[in-house]
Amino acid sequence: MTIEADRVAQTPDLSYKFSEQIDVSTGLPVGLVPLEIVRRKSYLNNIRPNAIYHDIGGGTGASARYILSMIPADVKEGMRVIISEPYNYIPHTVRQEIVKEVDELVIIKSAAVSSAGLIEADVSSLINMVHLIPKGDRVEMWKRLFDASPIGSVGIVSTTFITDWIPEELHANRVAYFFQAWMMQIARRAKEVLSDEVFAEFRARKKTEKLSLLDSNGLIQEIIGAGFEIEHKSNETMPCNVESYDLIRYDKEWIDFITPVIEPAQACEIQGYALQKTMKEKDLTLEDRMPRNTLVLVFRKPGIPKNYVYGSTLVV
Ligand SMILES: C[S@@+](CC[C@H](N)C(=O)[O-])C[C@H]1O[C@@H](n2cnc3c(N)ncnc32)[C@H](O)[C@@H]1O
C-alpha cells in the first residue's frame with residue numbers, strides 16, 4: 001500500500017482556496033465560470049481520439065478538470081493529459097479524479113515559458129495565469145507554444161487581470177469603491193502592525209509597483225504575433241463576491257502584488273483584518289456580489305497554407 005502525504009504549504013496556499021469556491025447559481029468553481037462560453041460554443045467537441053491536452057500553470061488541477069469536463073467521454077478515454085505548474089501541488093484526490101477519465105496523466109514542475117515548448121498538445125489551456133508571466137517571457141512562451149503545437153491545435157486563455165476588469169453595469173461603482181476601501185484599510189492596518197522601516201518600504205513599493213493589468217488587445221496581438229489565429233474573444237463575467245477576496249488573500253502572487261515586502265502569513269492576516277473592517281464600514285456580507293470582467297480567448301494554429309509545398313507535394 002502506498003500512502004501519499006500532501007505537501008505542507010510553506011506559505012498560505014491561496015489559489016487552492018479560491019479555485020474551490022463554488023458559484024451557487026451555476027454550481028461551478030467561481031474562477032472557471034467565464035469558460036462556460038467555450039462549452040456553449042462547442043469549441044472542444046471535435047478533439048481527435050488519443051489527443052494530448054496540456055494545462056499550463058495548472059495550479060491545483062481545477063482548471064484541467066474543468067476543461068476535461070467539456071470533452072466527450074469516449075475521446076477523453078484515450079487522451080494524455082499534462083499539467084505543468086511551477087509552484088502549486090495537485091492533491092492526490094484530484095489526480096485520481098483525472099486519471100479515472102483519461103489514458104495517462106503527467107505532472108511537470110515547470111514554468112510556462114519552458115513547458116509551452118515541450119508538449120505537442122492538441123489542446124492547451126492557460127487559465128487564470130497569463131497575467132503572472134512577465135511580458136518578455138510571455139512573448140517567448142507564445143512562440144514556443146506555436147512551434148511545438150500541431151497544425152489545427154487549439155488554445156484557451158482566460159484572465160480577469162485586464163484593464164477593463166470592472167463590469168460596465170450597475171455594480172461598477174460598488175466594485176470600485178469596495179476595492180478602494182479595502183486597499184485603504186490594508187494600508188491602515190499595515191501601519192499599525194509593521195515596524196516604521198518595513199511600512200516605509202511597503203509604501204514605497206506600492207507607489208512604484210502596480211499590478212500589471214493586461215490590455216486585452218495587446219494580449220491578442222502577442223498571440224497573433226506568434227502565428228496563431230483568434231477564433232473567439234469575449235468578456236465574460238466572473239461571479240466573484242466578497243468571499244472570493246477573502247479566499248484570494250491566501251494566494252502567493254496576490255499577496256506579493258497587494259502587500260509587497262510584508263512576510264506572506266502576516267500579509268494574509270493584514271488583508272483579512274482589513275477586509276473585515278471594510279465589510280463593517282460598507283455594511284457588506286461575504287455573499288455580496290463583486291463581479292469581474294474576464295477575457296476569454298480561443299486561438300488555433302492555422303492549417304496548411306495555400307500553395308504550401310509539403311515534401312514533394314504542392315497543396316492547393
Ligand atoms: C490563480 S492560479 C490558477 C490555477 C489554475 N489554472 C486554475 O485556474 O485553477 C495561477 C497559477 O499560475 C501559476 N504560475 C505562476 N507563475 C507561473 C509561470 N511563470 N508559469 C506557469 N505557471 C505559473 C501559479 O503557481 C498558480 O498555480
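Biologist: How many residues surround the ligand?
Modeller: This is a predicted model. The closest residues to the ligand are Gly57, Gly59, Ser63, Ala112 and Met129. Counting the whole shell, the residues that surround the ligand number 19.

Biologist: Which helices each supply at least two residues of the shell around the ligand?
Modeller: By class, the shell has nine nonpolar, nine polar and one charged residue. Two helices each give at least two of the shell residues. They are H1 (14–19) and H3 (62–68).

Biologist: Why are H8 and H13 oblique to each other?
Modeller: Helix H8 covers residues 172–193, and helix H13 covers residues 264–282. Their axes come within 8 Å and cross at roughly 130°. Angles over 145 degrees count as roughly antiparallel, and 65 to 115 as roughly perpendicular. The crossing angle fits neither class, so H8 and H13 are oblique.

Biologist: Is the crossing of H8 and H13 left-handed or right-handed?
Modeller: Residues in H8, including Phe178, Trp182 and Arg189, meet residues in H13, among them Ile270, Tyr273 and Glu281. By class, this contact has ten nonpolar, three polar and four charged residues. The handedness of the H8 and H13 crossing is right-handed.

Biologist: What share of the protein chain counts as buried?
Modeller: The chain has 13 helices and nine strands. A residue is buried if 20 or more other C-beta atoms lie within 10 Å of its own. Of the 316 residues, the buried share is 38%.

Biologist: Among contacts between residues at least 6 apart in sequence, what share joins residues at least 24 apart?
Modeller: Take the contacts in the protein chain between residues at least 6 apart in sequence. Then keep those that join residues at least 24 apart. Their share is 83%.

How values were computed. Residues are numbered from 1 along each chain as its sequence is written. This is a predicted model: local features need pLDDT of at least 70, side-chain atom pairs count only at pLDDT 80 or more; totals for chains, interfaces and linings use all residues. Axes are lines fitted to C-alpha atoms, for helices over the stretch in contact, and angles run from 0 to 180 degrees between N-to-C directions. Helices (H or I, at least four residues) and strands (E, at least two) are DSSP runs, numbered from the N terminus. Angles under 35 degrees count as roughly parallel, over 145 as roughly antiparallel, 65 to 115 as roughly perpendicular and the rest as oblique. A crossing is left-handed if the near helix is turned anticlockwise from the far one by less than a right angle, and right-handed if clockwise. Two residues are in contact if their C-beta atoms, placed from the backbone, lie within 7 Å. Ala, Val, Leu, Ile, Met, Phe, Trp, Tyr, Cys and Pro count as nonpolar, Asp, Glu, Lys and Arg as charged, and the others, Gly among them, as polar. A residue is near a molecule or strand if its C-beta atom, placed from the backbone, lies within 6 Å of it. A residue is buried if 20 or more other C-beta atoms lie within 10 Å of its own, exposed if 12 or fewer, and partly exposed in between; C-beta atoms are placed from the backbone.
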